[in-house]
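Notebook open, model loaded. I want to go through the cysteines, then the sheets, then the helices that lie on them.

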Amino acid sequence: MNLEAFILGSGGMMPLPNRHLTSVLLRREGELFLFDGGEGTQVSLRKLNLRWKKISVIFVSHTHADHVTGIPGLLMLSSQVDRDDPLYIIGPPRIAEYIETSRRVLDMYINYEIIIKEVTEPGIVYQGDGFHVRAFNLRHTKPCLGYTLEEDERPGIFHPEKADALGVPRGPLWSKLQSGETVIAADGREVRPEEVLGETRSGRKFSFVTDTLAFPEIADEVHGSDFFVCEGMFERALEESAREKKHMTAEQAAYLAKAAEVKKMALIHYSPRYTEYDLKQLLKEAQSIFPGTILSRDRMVYPIEYID
């Protein structure tokens with residue numbers, strides 16, 4: 001099952017010619033999930049030829065303009081294509097007010113159902129086929145959420161030689177064992193999945209954190225992520241400024257990634273003060289702590305693979 005992350009925008013505060021505002025799209029097979037929708041989101045969707053009508057859920061971190069100004073256009077755009085499924089919007093308190101006010105003031109034509117859920121307590125906020133999404137509190141200048149999408153555990157590796165030895169004929173019965181069903185062998189004996197399967201294997205985990213002070217509990221929430229997208233807005237020299245504005249530095253993000261034992265971290269939400277060349281300094285500082293750091297770039301695609 002394919003799982004891919006698309007960086008639609010990597011900037012914070014204001015868009016730049018080659019850097020749209022923060023937005024990440026996750027594609028799991030044919031289903032799309034959007035994390036924040038800053039200005040320029042539609043442009044990247046078009047350039048990547050992604051089918052926005054397939055977006056099932058928009059997860060919003062907080063209602064600052066650089067994270068939500070691209071959403072009204074997406075809502076209107078979705079009315080121009082055939083859409084039968086509802087669109088879920090999940091975010092902090094006042095996200096419903098923002099969406100409803102935008103619809104009213106802009107006189108939007110919406111021909112599909114929009115379901116809005118405001119998150120007031122951390123926990124699972126969306127359940128899908130074989131995965132769930134959890135929201136947790138961040139520390140910013142207004143209510144702000146981080147998110148993890150985590151897949152269910154997978155069955156262990158199937159050992160055909162064990163099935164043969166237990167008298168289970170090749171064919172449909174092997175498939176049933178692999179899917180967790182008990183079967184009847186040729187001699188009438190019951191054969192349980194655990195007799196022919198190895199230990200269960202973990203699914204994949206994606207985490208999204210932006211606009212927050214760094215604090216240890218973030219590492220607990222994103223622990224073991226295969227791909228961790230995290231704010232790295234400032235360089236080390238501006239740590240005091242980051243603290244005052246309730247943001248974090250690239251170095252602080254790297255410490256979180258290291259503590260959380262993630263597989264890969266992509267920095268995002270760069271201050272507009274940094275040119276493309278200057279971003280190398282953020283990367284250098286982060287990699288000195290967590291070598292598995294990369295820079296998010298607009299329209300970058302990152303496949304999230306199974307590790308076993």
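Is C144 buried or exposed? I looked it up: C144 is buried, at a relative accessible area of 3%. My cut-offs are under 20% relative accessible area for buried, over 50% for exposed and partly exposed in between, with a 1.4 Å probe and protein chains only.

Ground rules before I go on. This is a predicted model, where local features need pLDDT of at least 70 and side-chain atom pairs count only at pLDDT 80 or more, while totals for chains, interfaces and linings use all residues. Residues are numbered from 1 along each chain as its sequence is written, and side-chain values use heavy atoms, with hydrogens and water left out.

**Cysteines.** I found zero disulfides in the structure; a disulfide here is a pair of cysteine sulfur atoms within 2.5 Å. Why is C144 not bonded? Because the closest cysteine sulfur, in C230, is 11 Å from the sulfur of C144, too far for a bond. C230 counts as buried too, at 0% relative accessibility.

**First sheet.** I traced an open sheet of seven strands with mixed pairing, in the order β7-β8-β9-β12-β13-β14-β15. Strands are DSSP E runs of at least two residues, helices are H or I runs of at least four, and both are numbered from the N terminus. Two strands pair if DSSP finds at least two bridges between them. The edges are β7 (123-128) and β15 (293-295), each of which pairs on one side only. Neighbouring strands here are turned by 20 degrees against each other on average, direction ignored. Axes are lines fitted to C-alpha atoms (for helices, over the stretch in contact), and angles run from 0 to 180 degrees between N-to-C directions.

**Strand β12.** I spent some time on this strand. Its five residues are all buried. K205, S207 and V209 point one way, and F206 and F208 the other way. On one side, four bridges join β12 (residues 205-209) to β13 (residues 227-231), and the two run parallel. Four bridges also join β12 to β9 (residues 145-151), this time antiparallel. Which residue of β12 is the bridge partner of T148? It is S207, and S207 also has F228 in β13 as a bridge partner. I noted F206 opposite F227 in β13 as well.

**Crossover.** β12, helix α7 (residues 217-222) and β13 make a right-handed β-α-β unit. Right-handed means that, with the strands pointing away from the viewer, the path from the first strand over the helix to the second runs clockwise.

**Helices on this sheet.** Helix α9 (residues 250-260) lies across β13 and β14 (265-268), at about 155 degrees to β14. Eight of the eleven residues of α9 are buried, including E251, Q252 and L256. I listed what covers them, and α7, β13, α8 (239-244), β14 and α10 are among the contacts (heavy atoms within 4.5 Å). Just after α9, E261 takes a positive phi of about 55 degrees. Helix α10 (residues 279-287) lies across β14 and β15, at about 170 degrees to β15.

**Second sheet.** Another open sheet of seven strands runs β6-β5-β4-β3-β2-β1-β16, with mixed pairing. β6 (114-118) and β16 (301-303) each have a single partner strand, so one side of each is left without a neighbour in the sheet. Inside the sheet, I counted five bridges between β2 (residues 23-28) and β3 (residues 31-35), which run antiparallel. R28 has E31 as its bridge partner in β3.
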